[in-house]
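User: I'm new to reading protein models. Could you walk me through a few features, one at a time?

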Amino acid sequence: MKVIEKELSALRDELDAMWTLVTQQLYNAGEALLTNNKELANTVICRERKVNAYELKIDSDCEDIIALYAPVAIDLRFVLAILKINTSLERMGDFAEGIARTVIHLPDNTPFDDKLLKDTRIDTLLKEVLKMLSTAKDAFNKENSELASRVFVMDNLVDSINRDSIGIISAYMKEHVEKILEAMYLEIVIRKLERFGDHCTNIAEEIIFFLDAKVVKHADKEEKNRQMSGRQNENNAEE
């Protein structure tokens, strides 16, 4: 194995470890939110330092590989994609920490209203963004651009829940003036999860760039969906 291949393999392993950590961070933040578990929320906050450490290490390693080995073609796209995926994962870690801090700031005697959580479909939202992150990771590990494209479709549900939450939470605040702070905190959480979904689509775009040398990040969602359908039709025709 060439030296650069060893370096790229080590870089992939580092990113995989960071990806796993960020996924666990979001899962724990979501559990803390749904159960008002401040101890679990504190764990998320403490582990954010590890996410940041991964980001710095991966950034440094990518820069070293470019400077020392001058990769070209797919190897260069691989390193550039990891640089951008690394940035998105770090931002996701920030969002998970932000959700955990929301749980910490909420008074002990006023957990989120169960009915409000149900009406805003926060549990579904959490599951969907975790599924998006897992799908993107599988696409990267399996080097499957069609799998990466599925993330774009999954983001539609995230956007829909985010849009619906505005009216639901506004109506809730009118009826429960005493719980306005709680409702505002929940809207902040939903917005963070929506942005989490956006970063999942950013990662999917970078995977497609790495594998197919195609830039899709400025295409709208309908165009991305059409591209995915076209790719699936091509695969079916080949079969």
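Analyst: Here is a short tour of helices, backbone angles, aromatic rings and cysteines. Keep in mind that this is a predicted model.

User: Let's start with a helix. How many residues does α6 have, and how far does it reach?

Analyst: Helix α6 covers residues 145-175, which makes 31 residues. From first C-alpha to last it reaches 47 Å, close to the 45 Å expected at 1.5 Å a residue. Still, α6 has a kink of about 30°, centred on S165.

User: And what caps the N-terminal end of α6?

Analyst: That's N144: one of its side-chain oxygens lies 3.0 Å from the backbone nitrogen of E146.

User: Next, backbone angles. What sign does phi usually have?

Analyst: In most residues other than glycine, phi is negative. Here, A73 has a positive phi, near 50°. A73 sits in helix α3, residues 73-105, and counts as exposed at 53% relative accessibility. R121 is not a glycine either, yet has a positive phi of about 60°. You'll find R121 in the loop between α4 and α5, where it is partly exposed at 33%.

User: Is T120 buried or exposed?

Analyst: T120 is buried, because its relative accessible area is 2% and buried means under 20%. T120 also belongs to the loop between α4 (114-119) and α5 (122-142). Setting aside neighbours within four places in sequence, T120 is in contact with I161, I168, I169, L186 and I190.

User: What about aromatic rings? How many aromatic pairs are there in the whole structure?

Analyst: A search finds four. One of them is F78 with F140, a stacked pair at 6.0 Å centre to centre with 15° between the planes. This pair links distant parts of the chain: F78 is in helix α3 and F140 in helix α5, 62 residues apart. F78 is buried at 4% relative accessibility, and F140 is buried at 2%.

User: Which residues form a cluster with those two rings?

Analyst: W19 and F210 join F78 and F140 in one aromatic cluster.

User: Last one: cysteines. What is a disulfide?

Analyst: A disulfide is a covalent bond between the sulfur atoms of two cysteines. This structure holds zero disulfides. As for the surroundings of individual cysteines, C46 is partly exposed, with a relative accessible area of 47%, while C200 is buried at 0%.

Terms used. Residues are numbered from 1 along each chain as its sequence is written. This is a predicted model: local features need pLDDT of at least 70, side-chain atom pairs count only at pLDDT 80 or more; totals for chains, interfaces and linings use all residues. Side-chain values use heavy atoms; hydrogens and water are left out. A disulfide is a pair of cysteine sulfur atoms within 2.5 Å. Buried means under 20% relative accessible area, exposed over 50%, partly exposed in between (1.4 Å probe, protein chains only). Helices (H or I, at least four residues) and strands (E, at least two) are DSSP runs, numbered from the N terminus. The expected span of a helix is 1.5 Å times one less than its number of residues. The bend at a residue is the angle between axes fitted to the seven residues ending there and the seven starting there. A polar contact is a pair of N or O atoms within 3.5 Å; within protein, one must be able to donate a hydrogen and the other to accept it, and residues adjacent in sequence count only if both atoms are side-chain atoms. Contact means heavy atoms within 4.5 Å. Rings of Phe, Tyr and Trp (its six-membered ring) pair if their centres lie within 6.5 Å; planes under 30 degrees apart count as stacked, over 60 as edge-to-face and the rest as tilted.
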